[in-house]
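These notebook entries record what I looked up in one structure. I kept each entry to a single topic.

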Amino acid sequence: MSSISIIIPLYNASEAFPHCLESLLAQTFGDFELIIVDDGSNDGSADIAQSYANQDARIKLIRQHRSNAGLARNRGLSEASGDYLMFLDADDYFEKTMLQLAYEKIKSADADICMFAANSYNNATGAVKRLPNSCKVHLFDDPQEVFSRETEQRYIFCCTSPAPWTKLYRARFVRDQGLLFQDLGSCNDLRFVLLAQACASRIVLVDAPLAYYRVSQTDSLQATQSKNPFDFYQALRGLQAGLIEKGLYSELESSFANTALDCCLYTLGKLVKSDSARKSVFEMLRNEGFDALGIDDECARANYVCFAGAEAQYFAIRSGSYQDYKEAYKNRLRKDGSMAGTKKAIRKILPLRSSVFEKYRNQDQKSQAAQQETLRALASGMEQQQVALMGIRRKLDALEADSAGLRKEIDDISQLQHSCNDQAEKQAKFLNECGQQSKRIGSAVSAIMEEQRAIERRLVHCQIEASRLGHCSDE
């Protein structure tokens, strides 16, 4: 049984998946099993997983018909045997110390959950930057201490993003609480992550980015959110039901409402590419959604966990039209330094006619597109080099391990040779002593034989003398 079970749902991630696997196989903590659940991929992702599984006994591949990442994670959970659980995504990659730091932290604190920070990795440009919502350590007086809903009721939901790939869970805690991922196309991890944080008695943080979340990935789970625009609402309702079932809702009602408002406004903002889906969600929230989630005017004014401008957007949804909401959202973007404000300032500074401006803008767009294409090519090349380097590093580590084994065998042989030489010297000395003893015995035997011959001569002499005396007597 391994210390950590890593579970990865896999669906059509063939380009990024090798980078993910290499970053895991390069971990400084090696006592883990890697359970990959292929969710009906058709781009060769499963073949990549199988090739790695053939080379490393820690990797196990499970295949299932297309469903969703939530059910794939549940399938992996049912097969996991480790003391701790980690749920990762196939298109991300990780620091080589991720498992070691999270494992040491959760073990030393005897905690149910260990959270850590993450960076974003732009798949098009290769840019890396900190994800501010992945681990909000600034909310705590001492991020090194253990916390729970009892000590941090106000921030228990908003202290991290509702994503499982920045957490390490105690397996016994997950199973005792009956935690499972929802059967949803997107947001299937929200209920699992936030309900776990509400139920945990001990939570710890590692204030370091250990995971890299790949953005601008069109086939990722979050990029398909517009296809399932109401999944976020089902996830929030599932979390709400879970809190009620465990008797925690009244204690955490305010925290839940603020996080629910944050999630609602965030999702509306992400649906900009599908105006019809965005308007449908807008109507649902205004007519019934906010009320069902316990979001009211007081919650919006408290606004201690939501992003800037949340209050104006909330009231635009509650009492205004869809256009009022979109204007409030645009105002928020302008305050954040949006491109619309930048273009407006440029038009004021440069008194060019519209046609001339459009001409140069088109040229600039073409130039930017060419630059972006170059950057994408460079980023792709860099990523391939990183994957290759990780593979080389892994082979070097294996060679170093083999060299260490050979050095030990050579030392053992040298010691055995010294022992044999000592034994040979002892045998030679013994044989020399035996030779000397044999010489002494030979000399003694020669002396005895010489004495025996002397005795025989005297005996013959005595016989002759006796015979002569006998003749004398007869005479």
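The entries below cover strands, salt bridges, aromatic rings and a surface patch.

**Entry 1. Status of the model**

I note at the outset that this is a predicted model. I followed the residue numbering that starts from 1 along each chain.

**Entry 2. Strand β6 and its partners**

I began with β6, which spans residues 113-122. I asked how many residues of β6 are buried. I found that 10 of the 10 are buried, so β6 is largely enclosed by the rest of the structure.

I then looked up the strands that pair with β6. With β9 (residues 203-215), β6 pairs in the parallel sense over 10 bridges. I picked out one position: Phe116 has Val206 as its bridge partner in β9.

With β8, the pairing of β6 is antiparallel and covers 3 bridges. Here I recorded Ile113, whose bridge partner in β8 is Tyr169.

β7 (residues 128-130) also runs antiparallel to β6, and 3 bridges join the two. In β7, Val128 stands opposite Tyr121. β6 and β7 form a hairpin with 5 residues between the strands. Within this hairpin I noted Gly126, which takes a positive phi near 80°.

**Entry 3. Salt bridge at the start of β6**

I next searched for salt bridges and obtained 13 in the structure. I took Asp112 and Arg170 as one example; the closest N and O atoms of this salt bridge are 3.1 Å apart. Asp112 sits in the loop between α4 (98-108) and β6, while Arg170 belongs to strand β8 (residues 167-170). The two residues are 58 residues apart, and the pair links distant parts of the chain.

I asked whether Asp112 is buried or exposed. Its relative accessibility is 8%, so Asp112 counts as buried. Arg170 has 9% relative accessibility and therefore also counts as buried.

**Entry 4. Two salt bridges in helices**

I looked up Arg318 and Asp291, which form a salt bridge with the closest N and O atoms 2.8 Å apart. Arg318 is in helix α11 (residues 310-319) and Asp291 is in helix α9 (residues 275-292), so the pair ties together parts that are 27 residues apart in sequence. Arg318 counts as partly exposed, at 24% relative accessibility.

The other pair I chose is Arg453 with Glu450, whose side chains meet in a salt bridge at 2.6 Å, N to O. Both residues lie in helix α14 (residues 354-474), and they are 3 residues apart, about one turn of the helix. Arg453 is partly exposed, with a relative accessible area of 37%. Glu450 also counts as partly exposed, at 40% relative accessibility.

I then checked which residues are joined by salt bridges that share partners: Asp110, Asp112 and Arg170 form one such network.

**Entry 5. Aromatic rings**

I searched the whole structure for aromatic pairs and found 15. One of them is Phe29 with Tyr103, a tilted pair at 4.6 Å centre to centre with 40° between the planes. Phe29 is in the loop between α1 (17-25) and β2 (32-39), whereas Tyr103 is in helix α4. They are 74 residues apart, and the pair links distant parts of the chain. Phe29 is buried, with a relative accessible area of 14%, and Tyr103 is buried, with 15%.

I noted that Tyr103 also pairs with Tyr84; this pair is edge-to-face, 5.7 Å centre to centre, with 90° between the planes. Tyr84 lies in strand β4 (residues 84-87), 19 residues from Tyr103. Tyr84 is buried, as is Tyr103.

I also recorded an aromatic cluster made of Phe87, Tyr169, Phe181 and Phe192. Tyr169 was already in Entry 2 as the bridge partner of Ile113.

**Entry 6. Charges over rings**

I asked which ring the charged end of Arg73 sits over. It is that of Phe181, with the charged end of Arg73 5.3 Å from the ring centre. Phe181 is one of the residues of the cluster in Entry 5. Likewise, the charged end of Arg66 sits over the ring of Tyr11, 3.5 Å from its centre.

**Entry 7. Nonpolar surface patch**

Finally, I looked at the surface. Leu389, Ile392, Leu396 and Leu399 make a nonpolar patch of about 390 Å². I placed Leu389 in helix α14. At 46% relative accessibility, Leu389 counts as partly exposed.

Methods: Predicted model: local features only at pLDDT ≥ 70, side-chain atom pairs only at ≥ 80, totals over all residues. Heavy atoms only, no water. Salt bridge = Lys/Arg side-chain N within 4 Å of Asp/Glu carboxyl O. Helix = DSSP H or I, 4+ residues; strand = E, 2+ residues; numbered from the N terminus. Buried < 20%, exposed > 50% of the residue type's maximum accessible area, 1.4 Å probe, protein only. Patch = residues over 30% accessible without salt bridge, like charges linked within 9 Å, V, L, I, M, F, W, Y side chains within 5 Å. Areas by Shrake-Rupley, 256 points an atom, 1.4 Å probe, with all protein chains shown as cover. Pairing = 2+ DSSP bridges. Phe/Tyr/Trp six-rings, centres within 6.5 Å; stacked < 30°, edge-to-face > 60°. Lys NZ or Arg CZ within 6 Å of the ring centre and 35° of its normal.
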